[in-house]
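I opened the file and kept short notes on what I looked up. The entries follow.

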Amino acid sequence: MDDCLFCKFVSGVLKTDIIYQDEDFIIFKDINPQAKNHFLAVPKKHFKYLAEMSDDDGALLGRILKKISSLSDELGLKNGYRLVINQGDDAGQTVPHLHIHILSGQKMQWNPA
Ligand code: AMP
Ligand code: ZN
């Protein structure tokens, strides 16, 4: 998608600090970290909502989640971590390309407000 920030990271039109990538997705650092470590996992395929996904996209998401869990050293997952997917306005989704927030490196509170 031409007008999408994360598609531009995927295509390389815009540069970001990519920690990991494969045929399915990229991982880079969030520009405005909400925890000691804050990464974003972004599928290379553009969609905004989980609800838009086909069955194949569901399998893609499963592969991404499994891969994230294997990147313990790179993402600082050893002592625990949190994955977040914001969907829509109430959740505060600001970038309309599905992404998984990966938060780690500290004790976290649980407060969705
Ligand atoms: P969300 O609010 O769930 O849509 O998450 C979007 C995330 O993208 C936020 O945590 C932003 O800090 C992050 N973000 C926005 N622009 C950039 C950028 N240029 N590089 C890295 N992360 C970004
Ligand atoms: Zn996109």
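I first noted a term: buried means under 20% relative accessible area, exposed over 50%, and partly exposed in between, with a 1.4 Å probe and protein chains only. The model is predicted, so local features need pLDDT of at least 70 and side-chain atom pairs count only at pLDDT 80 or more, while totals for chains, interfaces and linings use all residues. Residues are numbered from 1 along each chain as its sequence is written, chains are lettered from A and ligands numbered from 1 in the order written, and side-chain values use heavy atoms, without hydrogens and water.

Entry on the metal. I looked up the zinc ion (ligand 2) and found the protein donors Cys4 (SG), Cys7 (SG), His46 (ND1) and His97 (ND1), 2.0 to 2.3 Å from it. Donors are N, O and S atoms within 2.8 Å of the metal (3.2 Å for Na, K and Ca); water is not among the atoms, so sites may look incomplete. Along the chain, the donors of this zinc ion have the spacing C-x2-C-x38-H-x50-H. I then checked two of these donors: Cys7 is buried at 11% relative accessibility, and Cys4 is buried at 3%.

Entry on the sheet. Strands are DSSP runs (E, at least two residues), numbered from the N terminus, and two strands pair if DSSP finds at least two bridges between them. I read five strands in an open, antiparallel sheet, in the order 1-2-3-5-4. Strand 1 (18-21) and strand 4 (81-84) are at the edges with a single partner strand each, so one side of each has no neighbour in the sheet. Strand 2 (residues 25-29) pairs with strand 3 (residues 37-43) over five bridges, antiparallel. Phe25 has Pro43 of strand 3 as its bridge partner.

Conventions. Helices (H or I, at least four residues) and strands (E, at least two) are DSSP runs, numbered from the N terminus.
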